[in-house]
Amino acid sequence: MSDTIFSKIVRREIPADIVYEDDEVLGFRDLNPQAPVHVLFIPKQSLATLNDATPEQATLLGNLLLAAANYAKQEGFAEQGYRTVINCNEDGGQTVFHIHVHLLAGRRLHWPPG
Ligand code: 5GP
């Protein structure tokens, strides 16, 4: 698949404010935050969109969500609440084609998002 800005962040070729890391997941602050907390959780391996995920990557997908939840607990806002979002392709609003879970928190989030 094609290289993206997020692959460059994984390889430390461009800077990012990294707040979470394990063997397969990286979490870093969004450059253009939409809430007081806006962190992106990405797999270190390349995977463009949710459409491209295979059954073998089910655990990886789950681990992205668990990383977000564990970060929320660690930072103390899990009980107050937060939102996780995966945008897919054009109508979903995806702009970076390296799958990522948005974690948004720190303010009241409205639904539906529009
Ligand atoms: P998408 O629209 O694909 O779901 O989300 C992409 C997100 O990546 C956007 O919220 C955007 O602000 C963020 N973003 C784009 N380029 C960079 C970057 O170079 N560094 C960081 N930290 N975030 C980025």
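**Sheet, covering helix and ligand shell**

Arginine 29 stands opposite valine 39 in strand S3. This pair belongs to a predicted model. Strand S2 covers residues 25-29, and five bridges join S2 to S3. The two strands run antiparallel. On the pairing of S3 with S5, histidine 38 faces leucine 104 of S5. Here too, five bridges link the strands, S3 spanning residues 37-43 and S5 residues 101-105. S3 and S5 are likewise antiparallel in direction.

These pairings are part of an open sheet of five strands. The strand order is S1-S2-S3-S5-S4, with antiparallel pairing. Strand S1 (18-21) and strand S4 (82-85) form the edges, each pairing on one side only. From one strand to the next, the twist averages 20 degrees. Burial was then examined for S3. Five of its seven residues are buried, so S3 is largely enclosed by the rest of the structure.

Helix H2 comprises residues 58-75 and lies across S1, S2, S3, S4 and S5. The helix runs at about 20 degrees to S5. Asparagine 63 is found in this helix. Asparagine 63 has 18 other C-beta atoms within 10 Å and is therefore partly exposed, since burial requires 20 or more. Not counting residues up to four places away in sequence, asparagine 63 touches Glu24 and Val25. Asparagine 63 and glutamine 74 are 11 residues apart along the chain. Their C-alpha atoms are separated by 16 Å.

The loop between S3 and H2 contains glutamine 45. This residue counts as partly exposed because 13 C-beta neighbours lie inside 10 Å, whereas an exposed residue has 12 or fewer. Valine 10 and glutamine 45 are 35 residues apart in sequence. In space, their C-alpha atoms are 8.8 Å apart.

The annotation was considered next. An unreviewed UniProt entry assigns "domain: HIT" to residues 5-114. This span is 25% helix and 23% strand. Its end C-alpha atoms lie 26 Å apart. For "active site", UniProt lists His100, again in an unreviewed entry. Histidine 100 lies in the loop between helix H3 (89-92) and S5. Is this residue buried or exposed? With 24 other C-beta atoms within 10 Å, histidine 100 is buried, because the threshold for burial is 20. Its contacts, not counting residues up to four places away in sequence, are Phe6, Leu40, Phe41 and Ile42. Leu40, Phe41 and Ile42 fall within S3, which spans residues 37-43.

The ligand was examined last. Around the ligand are 13 residues. Which of them come nearest? They are Leu31, Asn32, Asn87, Thr95 and Val96. By class, the shell holds six nonpolar, five polar and two charged residues.

In outline, the model combines a five-stranded open sheet with a helix, H2, lying across its strands. The listed active-site residue, His100, is buried and sits in the loop between H3 and S5. Glutamine 45 and asparagine 63, by contrast, are partly exposed.

Note on methods
Residues are numbered from 1 along each chain as its sequence is written. This is a predicted model: local features need pLDDT of at least 70, side-chain atom pairs count only at pLDDT 80 or more; totals for chains, interfaces and linings use all residues. A residue is near a molecule or strand if its C-beta atom, placed from the backbone, lies within 6 Å of it. Ala, Val, Leu, Ile, Met, Phe, Trp, Tyr, Cys and Pro count as nonpolar, Asp, Glu, Lys and Arg as charged, and the others, Gly among them, as polar. Two strands pair if DSSP finds at least two bridges between them. Helices (H or I, at least four residues) and strands (E, at least two) are DSSP runs, numbered from the N terminus. Axes are lines fitted to C-alpha atoms, for helices over the stretch in contact, and angles run from 0 to 180 degrees between N-to-C directions. Two residues are in contact if their C-beta atoms, placed from the backbone, lie within 7 Å. UniProt positions are given in the numbering used here, feature names are shortened, and annotations may be inferred rather than shown by experiment.
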